[in-house]
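Subject: Structure for you to look at

Hello,

Here is the structure I said I would pass on. My notes on what turned up in it follow below.

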There are 2 protein chains.
Amino acid sequence: MKLITRNTDYALRAACYIAAQRQRTVSVPELVNKLRIPRQFLRKILQVLNQHNILLSHKGTGGGFILARPADKIFLLDLIRIFQGGLKINKCMFKKSPCPNVKSCALRKRIIKIEEFAYSQFKRVTLSVLMKASKKANVK
Amino acid sequence: MKLITRNTDYALRAACYIAAQRQRTVSVPELVNKLRIPRQFLRKILQVLNQHNILLSHKGTGGGFILARPADKIFLLDLIRIFQGGLKINKCMFKKSPCPNVKSCALRKRIIKIEEFAYSQFKRVTLSVLMKASKKANVK
DNA sequence: TGTAATGATACCATAATAGTATCATTTGTC
DNA sequence: GACAAATGATACTATTATGGTATCATTACA
Ligand code: FES
Ligand code: FES
């Protein structure tokens, strides 16, 4: 079971890379070269990020993408929502038995709790947080 | 994204039903009739539950399945492990950048936390807990 | 006006999940 | 012992979600 799909993963990596370039626009060829993400797939992803106002795009020669807002205002949760339609961890399984539509069901409760927890965790991860982690790694 | 697959769901329902019958063996035809789970799929699932010592099977006329141990000793987490190979929520995505193999990565930390939390929640759900919930529902 | 970029969109491939079919084996009953 | 009613084992198919590709249109700079 995956919490994060490859869509989201690639989006996150690309956004991180772009964030690190400050206000310089970054093109797909550059991203492909640095991140080794399949070109067409990456393009599709970046287009979606643009549509959702995570990135701004610039067409034409010398064009590319930049962040639409500061790196500490872009949350992993945003990307998950975009590419995975939110977590929507689970509609309850037991459609009929044993719990028809009980508020008190233990299973339902747990699932909701897990979902809320996952949200709260992913809300704390921003691009800038991830970039810091990566900096430390490179410095080591 | 599903925390619980249909395998596990069906297994849980079937096990709950069987648990409610005490020591009476319950056959596939009966389960199909009551739970409306596709017959062959259910059979496969029950066979797996038998192999993993959640259920005991009894062949021949009048045969069927009973719980291999008390309902409060059968955990949802067991079933998830069996049918979904544990939660194994996520091996880290960023294979290279931005965090090569850093202990301190924010994302990794979150993912591990979520995984642990999910485990702890599912460990608390037993067949008997679910049966209680369902009882309440039916009484209401 | 040519070229380097993205926009839009339709299509294909792979893998995970869900479900089916079939034959073999065991066991109770007449 | 024969038959029927159950499970055991296993191989196959179908559906869906994910991952990935290809192509043509549009924009913008030089
Ligand atoms: S299992 Fe769904 S309400 Fe209880
Ligand atoms: S994203 Fe994997 S270690 Fe940070």
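One definition before the rest: helices are DSSP runs of H or I at least four residues long, numbered from the N terminus. In that scheme, N53(B) comes just after α3(B) and takes a positive phi of about 60°. Please keep in mind that this is a predicted model.

Helix α3(B)

The length of this helix is as it should be: 13 residues at 1.5 Å a residue should span 18 Å, and the end C-alpha atoms of α3(B) are 18 Å apart, so the two agree. Four residues of α3(B), namely L42(B), I45(B), L46(B) and L49(B), are buried. These four cover an arc of only 100° around the axis, and therefore sit on the same side of α3(B). The general background is that an α-helix has 3.6 residues a turn, so residues three or four places apart point the same way.

What do the buried residues of α3(B) pack against? Their partners in chain B are the helices α1, α2 (28-35) and α4 (76-84), along with β1 (55-58) and β2 (64-67). On the face turned away from the buried side, α3(B) carries the exposed residues Q40(B), K44(B) and Q51(B).

DNA strand C

K44(B) appears again here: of the 28 residues around DNA strand C, those that come nearest are R43(A), N50(A), S57(A), F41(B) and K44(B). Of the strand C atoms that come within 4 Å of the protein, 55% belong to sugar and phosphate. By type, the residues of this surface divide into 16 polar, 7 charged and 5 nonpolar.

Three polar contacts with strand C may be of use to you:

- R43(A): an N or O atom of its side chain is 2.6 Å from a base nitrogen.
- V28(A): a backbone N or O atom lies 3.0 Å from a phosphate oxygen.
- Y10(B): a polar side-chain atom lies 3.5 Å from a phosphate oxygen.

Elements giving two or more residues to the surface near strand C are, in chain A, α3 (39-51), β1 (55-58) and β2 (64-67), and in chain B, α1 (6-20) and α3 (39-51).

Helix α6 of chain B

Is L130(B) buried or exposed? This leucine is found in helix α6 (residues 127-139) of chain B, and it counts as buried because its relative accessibility is 0%. L130(B) and L56(B) are 74 residues apart in sequence, and their C-alpha atoms are 20 Å apart in space.

Regards

Terms used. Residues numbered from 1 in each chain as written. Chains lettered and ligands numbered in written order. Predicted model: local features only at pLDDT ≥ 70, side-chain atom pairs only at ≥ 80, totals over all residues. Heavy atoms only, no water. Near = heavy atom within 4 Å. Polar contact = N/O pair within 3.5 Å; in protein donor to acceptor, adjacent residues only side chain to side chain. Nonpolar A, V, L, I, M, F, W, Y, C, P; charged D, E, K, R; others polar. Buried < 20%, exposed > 50% of the residue type's maximum accessible area, 1.4 Å probe, protein only. Expected span 1.5 Å × (residues − 1). Arc of directions from axis to C-beta. Contact = heavy atoms within 4.5 Å.
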